[in-house]
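Reader: Could you take me through the aromatic side chains of this model with some care, and then through whatever else is worth a close look around them? I would like the geometry spelled out, together with the reasoning behind each label.

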Amino acid sequence: MKVVFGVSLDQRGTGYPTVGTYYVTDDGYALSAFPEEQKTMQARGTYSGVKVEYLLKQLKKK
């Protein structure tokens, strides 16, 4: 099983809380392992169903 964990610094810059966990399919697509609700994902968008390379690029920007 392959997974991607998106992490970012907390507001104080001291920790790395998880922003999302994605399961990676055998054909390279990322599927959200948490509810990507429009209200909570509005700031950064939803990534479930995209190629994992695109997901990694987007998470790197955050």
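Author: What follows is a look at the aromatic rings, and then at a surface patch and a loop. The model is a predicted one, and a search of the whole structure finds 1 aromatic pair. The rings in question belong to Tyr 47 and Tyr 54, whose centres are 6.4 Å apart and whose planes stand at 70 degrees, so the pair is edge-to-face, given that an angle over 60 degrees earns that label. As for their surroundings, Tyr 47 counts as buried because its relative accessibility is 4%, under the 20% limit, whereas Tyr 54, at 42% relative accessibility, counts as partly exposed.

Another ring, that of Tyr 29, has a charged neighbour: Lys 51 lies over its face, at 4.4 Å from the ring centre.

Turning to the surface, Met 1, Val 3, Phe 5, Tyr 23 and Leu 31 form a nonpolar patch there, and together they have about 550 Å² of accessible area. One of these residues, Val 3, is found in strand 1, which covers residues 2-7, and Val 3 counts as partly exposed because its relative accessibility is 37%.

Finally, the loop between strand 2 (18-24) and strand 3 (29-32) holds Thr 25, a residue that is buried, with a relative accessible area of 17%. The side chain of Thr 25 makes a polar contact with the side chain of Asp 27, at 2.5 Å.

Technical notes:
Residues numbered from 1 in each chain as written. Predicted model: local features only at pLDDT ≥ 70, side-chain atom pairs only at ≥ 80, totals over all residues. Heavy atoms only, no water. Phe/Tyr/Trp six-rings, centres within 6.5 Å; stacked < 30°, edge-to-face > 60°. Buried < 20%, exposed > 50% of the residue type's maximum accessible area, 1.4 Å probe, protein only. Lys NZ or Arg CZ within 6 Å of the ring centre and 35° of its normal. Helix = DSSP H or I, 4+ residues; strand = E, 2+ residues; numbered from the N terminus. Polar contact = N/O pair within 3.5 Å; in protein donor to acceptor, adjacent residues only side chain to side chain. Patch = residues over 30% accessible without salt bridge, like charges linked within 9 Å, V, L, I, M, F, W, Y side chains within 5 Å. Areas by Shrake-Rupley, 256 points an atom, 1.4 Å probe, with all protein chains shown as cover. Salt bridge = Lys/Arg side-chain N within 4 Å of Asp/Glu carboxyl O.
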